[in-house]
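Colleague: I'd like a close look at one part of this model, the charged cluster. Could you walk me through how that part is put together and then place it in the rest of the fold?

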Amino acid sequence: MAKSAILKSSIAKKVAMALSGLFLISFLSLHFFINFVSVFSESSFNAMSHFMGYNPLIQFVMQPVLVAGVVFHFVMGFVLELKNRKARPVAYVKYDGAANASWASRNMIISGLVVLAFLGLHMYDFWFHEMLYKYVEVNSIDETRYYHELVAKFESPVRTGLYVVAFVLLALHLWHGFTSSLQSVGFDNKIGKSLHKICYAFAIIVPFGFIFIALFHHFINN
């Protein structure tokens, strides 16, 4: 394969990964908003969760797309990481990574693996429980159950601690990944530089907002 073709293929993979990352960020924003409502209004959180849990478009169209997006994003991340390692088969004699790049950018694969493990825990806690409740046990519809189920998940200090650690790693992953995604899709001009500030704010506010939610329900409601 010609060098130009290899370069185009690599760029295409980076753009595809960036777009999948931006898609997941949009879902994360919605997820954060709904969960943050639980701090202020039990009834509103129940209403939103019930809508998300029983709306056919969300359940049978958006949910499979979301799962596919998660799988694609992480698989593409591993593929690009392997390509980068192959491009540098001989280790440098001396490499001061901290002097050239941030910890977040140098360890995206580590933070990504932790985030992936967290997603597995999150799906076990909420998604599998939801599927069991609705389609296996075939329980009657209860529009008021969601808040109490959420609070119960954060009763355990171990599980709450795991969520806190995972969200810290998510913050580090987003710190580099959000801005990198914008650069990959062409936002590297003055507008893009302004958006970077928004990306950094998002990388702090949303993950630590999730931490606040977990700690709030652990200490206040349990």
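**A charged cluster and its surroundings**

Modeller: Let's start inside one helix: Lys134 and Glu130 both sit in helix H6, 4 residues apart, which is about one turn of the helix. Keep in mind that this is a predicted model. The two side chains form a salt bridge, with the closest N and O atoms 3.7 Å apart. The cut-off for a salt bridge here is 4 Å, so the pair at 3.7 Å counts as one. Lys134 and Glu130 are both buried.

Glu130 has another partner. Its side chain also meets that of Arg145 in a salt bridge, at 2.8 Å from N to O. This pair links distant parts of the chain, with Arg145 in the loop between H6 and H7 and Glu130 in helix H6, 15 residues apart. As for burial, Glu130 has a relative accessible area of 12%, so it is buried. Arg145 comes to 6%, and the limit for buried is under 20%, so Arg145 is buried as well.

Arg145 then reaches a further acid: Glu149 forms a salt bridge with Arg145, the closest N and O atoms being 3.1 Å apart. Both Glu149 and Arg145 are buried. Because these salt bridges share partners, Glu130, Lys134, Arg145 and Glu149 are joined into one network. The count for the protein comes to 3 salt bridges.

What else is around Arg145? Leaving out residues up to four places away in sequence, Arg145 touches Asn46, Tyr54, His129, Glu130, Tyr133 and Lys134. Glu130 and Lys134 you have already met as members of the network.

The loop that holds Arg145 also holds Val138, and that residue deserves a glance. Val138 has a relative accessibility of 60%, so it counts as exposed, whereas Arg145, at 6%, counts as buried. The backbone of Val138 is worth a check too: its phi is near 50 degrees, a positive value in a residue other than glycine. Most residues other than glycine have a negative phi.

Helix H6 has a nonpolar side to its story as well. Leu132 lies in helix H6 and is partly exposed, with a relative accessible area of 38%. Leu132 belongs to a nonpolar patch on the surface, together with Leu57, Phe60, Val61, Met62, Val65, Tyr135 and Val136, and these residues have about 760 Å² of accessible area together. H3 and H6 each supply at least two residues of the patch, and the largest share, 5 residues, comes from H3.

Now for the inside. The largest nonpolar core has 34 residues, and those with the most contacts inside it are Leu28, Phe45, Phe167, Leu174, Phe202 and Phe210. The elements giving two or more residues to this core are helix H1 (3-40), helix H3 (56-87), helix H6 (108-136), helix H7 (146-153), helix H8 (157-184) and helix H9 (190-219). H9 gives the largest share, 9 residues. In soluble globular proteins, nonpolar side chains tend to be buried together. To pick out one member of the core, Phe167 touches Phe118, Pro207, Phe210 and Ile211, again not counting residues up to four places away in sequence.

There is one glycine to add. Gly177 is found in helix H8 and counts as buried because its relative accessibility is 16%. Gly177 and Gly21 are 156 residues apart in sequence, yet their C-alpha atoms are 7.8 Å apart in space.

Stepping back to the whole chain, the secondary structure comes to 9 helices and 0 strands. Of the 222 residues, 36% count as buried. Among contacts with a separation of 6 or more, 80% are between residues 24 or more positions apart. The protein exposes about 13300 Å², and carbon and sulfur atoms supply 71% of that area.

Finally, how far to trust it. The mean pLDDT is 80, and 79% of the residues reach 70 or more. Confidence is highest in helix H2 (residues 42-54), at a mean of 94, and lowest in helix H4 (residues 97-100), at 50. Where pLDDT is low, the predicted coordinates should not be read in detail.

Key
Residues numbered from 1 in each chain as written. Heavy atoms only, no water. Core = buried A, V, L, I, M, F, W, Y, C linked by side-chain atoms within 4.5 Å. Buried < 20%, exposed > 50% of the residue type's maximum accessible area, 1.4 Å probe, protein only. Contact = heavy atoms within 4.5 Å. Patch = residues over 30% accessible without salt bridge, like charges linked within 9 Å, V, L, I, M, F, W, Y side chains within 5 Å. Areas by Shrake-Rupley, 256 points an atom, 1.4 Å probe, with all protein chains shown as cover. pLDDT = per-residue confidence, 0-100.
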